[in-house]
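Welcome, and thanks for having your viewer ready. We will walk through this model one selection at a time, with a note on what to see at each stop.

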Amino acid sequence: MNPALELLQKKIMSWPPEKADAIVGLHGNRFDRCPKALELYQAGYAPLIVLSGNNVLVGKGMRPGQNEAPITDVKQWFIVRGVPEKDIIVDDQSMNTRDQAVRVLDLAVKEKWNKILLVGSTEHQLRAFLTFLKRREEIGWKGNIINQPADMPLDAIPDGRSDNVRRLLDLEILKLDAYKDHVSPVS
């Protein structure tokens, strides 16, 4: 990883939480990201949880190396743990990280949110953050994006994946170039 990306990854992984308008839980790693979003919600950092993903690209064999849970099951995970259904917004139309950034930040503009807590995971948070930053720039949203990744050790294998976090992070770094039109540059 180049030094600028390595520094940004370290900052992203250690960002302290702040009060916000919504917690944005990015669909992925089955339920691994859910405890972080729940922790933030229960601590009163935001009154809403936005779950962003889809039910189309889930299940064994839909994407190489992945076996996702339906976003409806993720929503139910929160309800079972005491989050009222009225406090959960589901975006089940986003097919990728770019779609998530577009749909969530369009919602932020519509609802006049000033700050969101972005919950991804160790391997995905960097690209997710840069994608959300790019979308923020495109639409001129003046709000803040606060990173709150569900941290996992580099040798751990996230639920629903076949590779460990280190390998998945390496793949995400490669995606920064492949999706360069959808991410903010790192200098």
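Start by selecting Leu 51 and Val 90: Val 90, in strand 3, is the bridge partner of Leu 51. Before going further, note that this is a predicted model, in which local features need pLDDT of at least 70, side-chain atom pairs count only at pLDDT 80 or more, and totals for chains, interfaces and linings use all residues. Residues are numbered from 1 along each chain as its sequence is written, and side-chain values use heavy atoms, with hydrogens and water left out.

**The sheet**

Now select strand 2 (residues 49–52) together with strand 3; the two run parallel and are joined by 4 bridges. Strands here are DSSP runs of E with at least two residues, helices are runs of H or I with at least four, and both are numbered from the N terminus. Two strands pair if DSSP finds at least two bridges between them.

Widen the selection to the open sheet, where 5 strands with parallel pairing follow the order 3-2-1-4-5. Strand 3 (88–91) and strand 5 (144–147) are at the edges, and each has a single partner strand, so one side of each lacks a neighbour in the sheet. From one strand to the next, the twist averages 25 degrees; axes are lines fitted to C-alpha atoms, for helices over the stretch in contact, and angles run from 0 to 180 degrees between N-to-C directions.

Move to strand 4 and strand 5, a parallel pair joined by 4 bridges. Ile 116 has Ile 145 of strand 5 as its bridge partner. Add helix 5 (residues 125–139), and you have a right-handed β-α-β unit made of strand 4, that helix and strand 5. Right-handed means that, with the strands pointing away from the viewer, the path from the first strand over the helix to the second runs clockwise.

**Helix 2 and Lys 36**

Next, show helix 2, which lies across strand 1 (22–26), strand 2 and strand 4 (115–119) and runs at about 145 degrees to strand 4. Within helix 2 (residues 34–42), pick Lys 36. Is Lys 36 buried or exposed? Lys 36 counts as buried because its relative accessibility is 19%; buried means under 20% relative accessible area, exposed over 50%, and partly exposed in between (1.4 Å probe, protein chains only).

Which residues does Lys 36 contact, leaving aside neighbours within four places in sequence? They are Val 119, Gln 148, Pro 149 and Ala 150, where contact means heavy atoms within 4.5 Å. Finish by selecting the C-alpha atoms of Lys 36 and Ala 150: they are 5.5 Å apart, although 114 residues separate them along the chain.
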